[in-house]
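Work through the exercises below with the model open beside you, and try each task before you read its solution.

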Amino acid sequence: MNLKNDLLLRAAKGEEVERIPVWTMRQAGRILKEYREVRAKAGSFINLAKSPEMAAEVTIQPVDILGVDAAIIFSDILVVPEAMNLPYEMVEKKGPVFPKTVKTETDIHALNTEDIEHHLAYVIDAIKLVKKELNGRVPLIGFAGAPFTIFCYMIEGKGSKTFSLAKKMLYTEPEISRALLQKITDVTITYLKAQIAAGADLVQIFDSWAGILSPEQYSAFAIPYIKQICDAIQETPVTVFAKGAYFAREEIGQLGCQVVGLDWNMSISESRKLIPNKTLQGNLDPCVLYGSFNEIERNTKAMLTAFGKQRYIANLGHGVYPDTNPDNVKCFIDTVKSF
Ligand code: 1CP
């Protein structure tokens, strides 16, 4: 189907655009009262994510309410471990918890890598519904966690500031770590291809915990697996967002992806130099959106000027924080659209 607004896709492919496209990470599940109403009806995050109708509804809300140039499918990166036989629970005010984690080589052998499309059929069905309901208004972004970030949750079993158990595994059991990272990579490729077959127009790889690794470890345990994913996905543009991995920008810039996401710690001019041939995405500090409309406009315009109009997708440097006023998010989006 032809897209009516294909700015984001054209920017991702490095084609010329008449205005800068904009969306925000985590736009679908955090800030809108309309989201919270559907979430309350679903009873839990997992029920919502597993109901294609409700997941489709909250995916489209930011397009209608905020006027973003793309939708991102409502799901979570943790559906991949679940499909591999490590189910998660979402604990209110705490986040995800895995009752079962990976500790030994035997645990890795026990992980499922078969029938991924079947196990994640609820995401695939939600994507098909969103595509139908969007009717070509804007592109739909599919996503998955990067292998290292998924590895973190599989080993640690919950969120962590340091993920020291996961890092300990890298240092003490590098071969076992590689076996697990490879399994995650294989499943992620199958999963992203299924999202694309169902209609995702672009896919983003979230390496949310990239910044906790040393440059050496990032090169050894993260880059090779992200590279496999980029090389395997030829159907759509791929965005790699490695939060905190300012040290790996040059290496990421050489991957077979089309877009590189930046966080707010990464200098824009330096990033353009380190990644000369790709579209960049980002990188406003989400905390800017706590400020006045004037401050939001001032910071956003400075960012847009620094990036320039071409080969650029405006976004925050990480997900929008849950206590952000949607009017302020709208101010950010409108500032980009009228720039
Ligand atoms: O908001 C959206 O755009 C909807 C889709 C979405 C996405 C893209 C959700 C729903 N999660 C994600 C990605 C995700 N999930 C990431 C990568 C992006 C990032 O860094 O922000 C990560 C690390 C997760 C893991 C996760 N899921 C956490 C973080 C825990 C930690 O280690 O600190 C949490 C709190 C969740 C729960 C979750 N995921 C999504 C929602 C709406 C929620 C809240 C759950 C609820 O409503 O009860």
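**Exercise 1.** In this predicted model, find out how the shell around the ligand divides by residue class, and which residues come nearest.

*Solution.* Begin with the classes: the shell around the ligand is made up of twelve nonpolar, six polar and three charged residues. Next, look for the residues that come nearest, which among the 21 around the ligand are Arg39, Asp76, Tyr153, Ser208 and His318. Finally, consider the space itself, for the ligand takes up the largest pocket.

**Exercise 2.** Locate the atoms of arginine 26, glycine 29 and arginine 39 that lie beside oxygen atoms of the ligand.

*Solution.* Start with arginine 26, where a polar side-chain atom lies 2.9 Å from an oxygen atom of the ligand. Turn then to glycine 29, which uses a backbone N or O atom, 3.0 Å from a ligand oxygen. In arginine 39, an N or O atom of the side chain is 2.7 Å from an oxygen atom of the ligand. As a last step, take the ligand as a whole: on its own it has 890 Å² of accessible area, and the protein covers 84% of this.

**Exercise 3.** Check whether the length of helix α11 agrees with its number of residues, and then examine the residue just after α11.

*Solution.* Helix α11 covers residues 174-198, which makes 25 residues, and at 1.5 Å a residue the expected span is therefore 36 Å. The C-alpha atoms at its ends are 36 Å apart, so the two values agree. Just after α11 comes glycine 199, with a positive phi of about 135°.

**Exercise 4.** Describe the backbone at aspartate 115 and at the peptide bond from glycine 282 to asparagine 283.

*Solution.* Recall that most residues other than glycine have a negative phi, and that most peptide bonds are trans. Aspartate 115, in the loop between α6 and α7, has a positive phi of about 50° although it is not a glycine. The bond from glycine 282 to asparagine 283 is cis, with omega near -15°, and asparagine 283 belongs to strand β8.

Conventions
Residues are numbered from 1 along each chain as its sequence is written. This is a predicted model: local features need pLDDT of at least 70, side-chain atom pairs count only at pLDDT 80 or more; totals for chains, interfaces and linings use all residues. Side-chain values use heavy atoms; hydrogens and water are left out. A residue is near a molecule or strand if one of its heavy atoms lies within 4 Å of it. A polar contact is a pair of N or O atoms within 3.5 Å; within protein, one must be able to donate a hydrogen and the other to accept it, and residues adjacent in sequence count only if both atoms are side-chain atoms. Accessible areas come from the Shrake-Rupley method with a 1.4 Å probe; for residues, only the protein chains shown count as cover. On a 1 Å grid over the protein atoms alone, a cavity is a set of points where a 1.4 Å probe fits but cannot get out, and a pocket is an open set with protein on both sides within 12 Å along at least five of seven lines; lining residues have an atom within 4 Å of a point. A molecule sits in a cavity or pocket if more than half of its atoms lie within 2 Å of its grid points. Ala, Val, Leu, Ile, Met, Phe, Trp, Tyr, Cys and Pro count as nonpolar, Asp, Glu, Lys and Arg as charged, and the others, Gly among them, as polar. Helices (H or I, at least four residues) and strands (E, at least two) are DSSP runs, numbered from the N terminus. The expected span of a helix is 1.5 Å times one less than its number of residues.
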